[in-house]
Amino acid sequence: MDVLYFAWVRERIGQPKERIASNPATVMDLVNQLRAKEERYAVAFADLSALRVAVDQELSDFDASLANAREVAFFPPMTGG
Amino acid sequence: MDIRVQEAAFDLGAEANAFAGKQTGMGAVVTFTGIVRDLDETRMTAMQIEHYPGMTEKALEKIATEASSRWNLGDILIIHRYGRLHPDDRIMMVATAARHRADAFQAAEFLMDFLKSRAPFWKKELTGAGDGWVAARDEDEAALTRW
């Protein structure tokens, strides 16, 4: 699946997008896999209350299932308008 | 319903005129325009607006569809820009048309409240002293509960 990062999450991780070969069962499983990868991920995912997640372009939750998910995105709270 | 996510500037007067001109039987048109301003007197030189292509359009459609189901509306227009903007540039506009003004006003406010915190845009202020992401405000999240 594709994992996308926006705003300061993108800056902290250092890339806008990457492909993950594993099949994490939930968003939280994916977060823990990413945290274990490298320090920059651990830093970006240190405080989940500062992050929002979208699964297949719909706002979701960290305990959401990733069954059949094609795209997961992590970003800070949105500031439109 | 007309939803546009674009980098280019838009002509507020021309858009408002075109929107009002294509309605029939509507007694009220409300427009709102958001303008880039210096949020913390940081001497901001520019604002960089990032968005999530694909999700942005879906989120705006969802918000507009919800507004259409709650109020008796004839039409909705949303234009939201991304990319590099400068103080006093127009970032976005919404327009609503309705038979009665209460529907047009309330729907426009609803659209703005949800655009603030449910549409995937992020603003970064660029200043001579460094750049910073604009933090979401608790009041914006709280504003959603009134609907």
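Hi everyone, let's start with a helix. Helix α3 of chain B, residues 101–118, lies across β2, β4 and β6 of chain B, and α3(B) runs at about 145° to β6(B). Keep in mind that what you see above is a predicted model.

So what does that helix lie across? The strands β2, β4 and β6 belong to an open sheet of four strands in chain B, with the order β1-β4-β6-β2. The pairing in this sheet is mixed. If you are new to sheets, strands pair through backbone hydrogen bonds, either parallel or antiparallel.

Which strands sit at the edges? They are β1, residues 2–6, and β2, residues 28–35, of chain B, and each of them pairs on one side only. From one strand to the next, the twist averages 5°.

Let's zoom in on one edge. β2(B) is joined to β6(B), residues 90–98, by eight bridges, and these two strands run antiparallel. If you want one pair to find on screen, try B:V29 of chain B, whose bridge partner in β6(B) is B:A97.

There is another helix to look at here. Helix α1 of chain B, residues 12–21, lies across β1, β2, β4 and β6 of chain B. How is α1(B) angled to β6(B)? It runs at about 15°, whereas for α3(B) the angle to β6(B) is about 145°.

Now please turn to another sheet in chain B. Four strands form an open sheet in the order β5-β3-β7-β8, and here the pairing is antiparallel. The edge strands are β5, residues 83–85, and β8, residues 130–133. On average, neighbouring strands of this sheet are turned by 25° against each other, ignoring direction.

Within that sheet, β7(B), residues 121–127, pairs with β8(B) over four bridges. One residue to look for is B:E125, since its bridge partner in β8(B) is B:G132.

Last stop: the place where the chains meet. How many residues are in contact? On chain A there are 21, and they touch 26 residues of chain B. The area buried between the two chains is about 1900 Å², and carbon and sulfur atoms give 56% of it.

There are charged partners too. Between chain A and chain B the count is three salt bridges. One of them joins the side chains of B:K62 and A:E58, at 3.5 Å from N to O. Polar contacts come to 14 residue pairs, both residues at pLDDT 80 or more.

Which parts of chain A face chain B? The elements giving two or more residues are β1 (2–5), α1 (7–13), β4 (58–60) and β5 (71–75) of chain A. The largest share, four residues, comes from α1(A). By type, this side of chain A has twelve nonpolar, four polar and five charged residues.

That's my tour, thanks for listening!

Methods
Residues numbered from 1 in each chain as written. Chains lettered and ligands numbered in written order. Predicted model: local features only at pLDDT ≥ 70, side-chain atom pairs only at ≥ 80, totals over all residues. Heavy atoms only, no water. Contact = heavy atoms within 4.5 Å. Buried area = accessible area lost by both parts, 1.4 Å probe. Salt bridge = Lys/Arg side-chain N within 4 Å of Asp/Glu carboxyl O. Polar contact = N/O pair within 3.5 Å; in protein donor to acceptor, adjacent residues only side chain to side chain. Nonpolar A, V, L, I, M, F, W, Y, C, P; charged D, E, K, R; others polar. Pairing = 2+ DSSP bridges. Axes fitted to C-alpha atoms, helices over the stretch in contact; angles between N-to-C directions.
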